[in-house]
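Hi,

Here is the structure I promised to send over. Have a look first, and then read on for my notes.

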Amino acid sequence: MTISINLLYDLVGVILAITAVMTLTDKTHPRRYTSALFWALYAAVFLVGQWVPPEWVGVGVIVMALIAGFGGVGSGVHKLPSVEQYVASAKRLGHSLFIPALAIPLLTMVGTLSAKYLVFGGVPLIDPKNTTLVSLGIGCIVALALACWLTRETPMQGLRESRRLTDALGWALVLPQMLGMLGLVFSDAGVGKAVAHVTTSYINMDVRFLAATVYVVGMALFTVIMGNGFAAFPVMTGGVGVPILVGVYHGDPAVMAAIGMLSGYCGTLMTPMAANFNIVPAALLELPDKNAVIRAQIPTALVLLVVNVFLLNFLMFR
């Protein structure tokens with residue numbers, strides 16, 4: 001039997017469904033009905049999304065957006081250990097707490113590199129089309145087992161902690177998946193061609209340095225809007241990178257892609273839309289200012305963006 005990405009999607013869907021049920025049965029939750037519906041719809045995307053018409057999935061996503069937009073996703077009251085219990089647990093476990101966390105990247109790397117050799121009876125053990133993602137999923141499952149073994153807790157406690165973190169993150173948990181698809185939507189809608197038209201009509205692209213600057217800054221700006229450098233890449237590369245920097249000035253496309261993505265990451269540092277990088281840490285650390293991470297990162301992002309402009313000009317056209 002091949003471990004496919006669909007099996008992991010089903011597992012994620014089951015965990016989200018359990019979260020929805022736990023939320024619905026939590027009578028102390030201030031918004032348990034709307035929150036439970038939100039997580040149930042998200043679970044349905046993973047569990048039955050491939051079997052239902054895309055229009056239905058789209059309707060579900062719109063309902064989720066309306067629930068989140070009107071403040072329908074809230075957090076329940078969770079019973080946490082006391083400070084004394086935290087300290088006692090930390091002393092007992094020590095540095096072994098890092099074992100489950102380090103197991104995830106280690107098993108992901110091992111699974112990715114060894115997947116082509118794990119073939120039994122002509123059937124690959126890991127889906128060859130998604131070796132990294134499947135290996136990551138396996139690593140997470142093994143890490144959960146290690147965490148239960150080290151802490152002497154049950155998987156049910158893991159689900160409770162999963163729900164607590166889900167409550168802490170709220171609707172922002174959904175943003176990475178949604179924004180990751182935005183680049184494909186923009187590409188299919190012809191946004192890249194529109195960007196090419198606007199830039200060539202209103203900006204003097206006959207100056208190579210200016211064209212490279214537009215590409216670098218554009219990558220950062222579109223990432224700020226979309227929250228995802230991978231979503232911004234097809235728009236700016238299709239609109240400016242390939243037709244102008246490569247097609248007109250004959251630059252190195254490999255250098256363009258590398259520095260272009262790095263420029264997109266500068267935008268990631270400056271936007272709340274990149275929830276998994278900027279909003280999630282603030283929520284997990286319970287910072288009073290949810291934009292504190294962004295404020296700390298903006299100076300670095302701006303300096304690096306300026307450096308990228310010169311790097312692209314010096315390295316791409318050698």
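Below is what I found, starting with one helix and its salt bridges and ending with a patch on the surface.

Keep in mind that this is a predicted model.

Helix α7 covers residues 155-169, and its end C-alpha atoms are 21 Å apart, which agrees with the 21 Å that 15 residues should span at 1.5 Å a residue. Its buried residues are R163, T166, D167 and L169. Looking down the axis of α7, these fall within an arc of 165 degrees, so they line one face of the helix. Right after α7 comes G170, with a positive phi near 65 degrees.

Now the charges. The count of salt bridges comes to four. One of them pairs R163 with D26, with the closest N and O atoms 2.8 Å apart. That links distant parts of the chain, as D26 sits in the loop between α1 and α2, 137 residues from R163. R163 is buried at 7% relative accessibility, and D26 is buried at 12%. R163 also meets D167 in a salt bridge (3.7 Å, N to O), and shared partners join D26, R163 and D167 into one network. Another salt bridge in α7 is E161 with R164, at 2.9 Å; these two lie three residues apart, about one turn of the helix. E161 is partly exposed at 29%, and so is R164 at 24%.

Lastly, the surface has a nonpolar patch with about 840 Å² of accessible area together; among its residues are V207, F209 and F310. Helix α15 gives the largest share, seven residues. V207 sits in the loop between α10 and α11.

Cheers

Notes. Residues numbered from 1 in each chain as written. Predicted model: local features only at pLDDT ≥ 70, side-chain atom pairs only at ≥ 80, totals over all residues. Heavy atoms only, no water. Helix = DSSP H or I, 4+ residues; strand = E, 2+ residues; numbered from the N terminus. Expected span 1.5 Å × (residues − 1). Buried < 20%, exposed > 50% of the residue type's maximum accessible area, 1.4 Å probe, protein only. Arc of directions from axis to C-beta. Patch = residues over 30% accessible without salt bridge, like charges linked within 9 Å, V, L, I, M, F, W, Y side chains within 5 Å. Areas by Shrake-Rupley, 256 points an atom, 1.4 Å probe, with all protein chains shown as cover. Salt bridge = Lys/Arg side-chain N within 4 Å of Asp/Glu carboxyl O.
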